[in-house]
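Morning, everyone. Please have the sequence and the structure up in front of you, and we'll get going.

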Amino acid sequence: MNITGHDLIMACSAIGAGLAVIAGIGPGIGQGIAAGHGAAAVGRNPGAKGDIMSTMLLGQAVAETTGLYGLLIAMLLLFVQPLA
């Protein structure tokens, strides 16, 4: 088996992209928990629905940035290949 340097870089880029996409698991779980707690809070106090929803959506947007950064790194490793 003859593995060149370019083949090794491509394999490591694919592995790194897979690891970077794992960063999407945390935001998904966190957003689900936030949405559940937001729905429970609206159920307890329907009059504060606007404040609860705006705060929840802002928190989810901040949490989503981590997943998007992981996706960006994966795309760079797969398609741009900065190390090749």
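Let me start with a question: is threonine 66 buried, partly exposed or exposed? Take a moment and look. A word of care while you do: this is a predicted model.

Here is the reply. Threonine 66 sits in helix H3. Its relative accessible area is 45%. Buried needs under 20%, and exposed needs over 50%. So threonine 66 comes out as partly exposed.

Now look across from threonine 66. Along the chain, alanine 23 is 43 residues away from it. In space, their C-alpha atoms are separated by 6.8 Å.

Next, the helices themselves. Two packed helices are described by an angle between their axes and a distance between those axes. Take H1, residues 5-21, and H3. What angle do they pack at? About 170°. Their axes are 8 Å apart. That angle makes H1 roughly antiparallel to H3. The cut-off for that word is over 145 degrees. And the crossing of H1 and H3 is left-handed.

Let's pick a residue on H1. Leucine 19 lies in that helix. With a relative accessible area of 58%, leucine 19 is exposed, because exposed means over 50%. Its C-alpha atom is 8.2 Å from that of alanine 74. Along the chain, leucine 19 and alanine 74 are 55 residues apart.

Back to H3, with two glycines. Glycine 70 is in this helix. Glycine 50 is in H3 too. Which of the labels, buried or exposed, goes with glycine 70? Buried: its relative accessible area is 8%, and the limit is under 20%. Glycine 50 has 51% relative accessibility, so glycine 50 counts as exposed.

Distances for those two. Glycine 70 and alanine 11 are 59 residues apart in sequence. From C-alpha to C-alpha, that pair is 18 Å apart in space. Glycine 50 and isoleucine 9 are 41 residues apart along the chain. Their C-alpha atoms are separated by 50 Å.

Last stop: the surface. There is a nonpolar surface patch of about 1100 Å². Its residues include Val21, Leu68, Tyr69, Ile73, Met75, Leu76 and Phe79. Which helix gives the most to this patch? Helix H3, residues 49-80, with 10 residues.

Let's zoom in on one patch member, leucine 76. Leucine 76 belongs to helix H3. At 35% relative accessibility, it counts as partly exposed. Why is it allowed in the patch? Because patch residues need over 30% relative accessible area, and leucine 76 has 35%.

To wrap up: H1 runs roughly antiparallel to H3, and H3 gives the most to the nonpolar patch. Thanks, everyone.

Technical notes
Residues numbered from 1 in each chain as written. Predicted model: local features only at pLDDT ≥ 70, side-chain atom pairs only at ≥ 80, totals over all residues. Heavy atoms only, no water. Patch = residues over 30% accessible without salt bridge, like charges linked within 9 Å, V, L, I, M, F, W, Y side chains within 5 Å. Areas by Shrake-Rupley, 256 points an atom, 1.4 Å probe, with all protein chains shown as cover. Salt bridge = Lys/Arg side-chain N within 4 Å of Asp/Glu carboxyl O. Helix = DSSP H or I, 4+ residues; strand = E, 2+ residues; numbered from the N terminus. Buried < 20%, exposed > 50% of the residue type's maximum accessible area, 1.4 Å probe, protein only. Axes fitted to C-alpha atoms, helices over the stretch in contact; angles between N-to-C directions. Parallel < 35°, antiparallel > 145°, perpendicular 65-115°, else oblique. Left-handed = near helix turned anticlockwise from the far one by under 90°.
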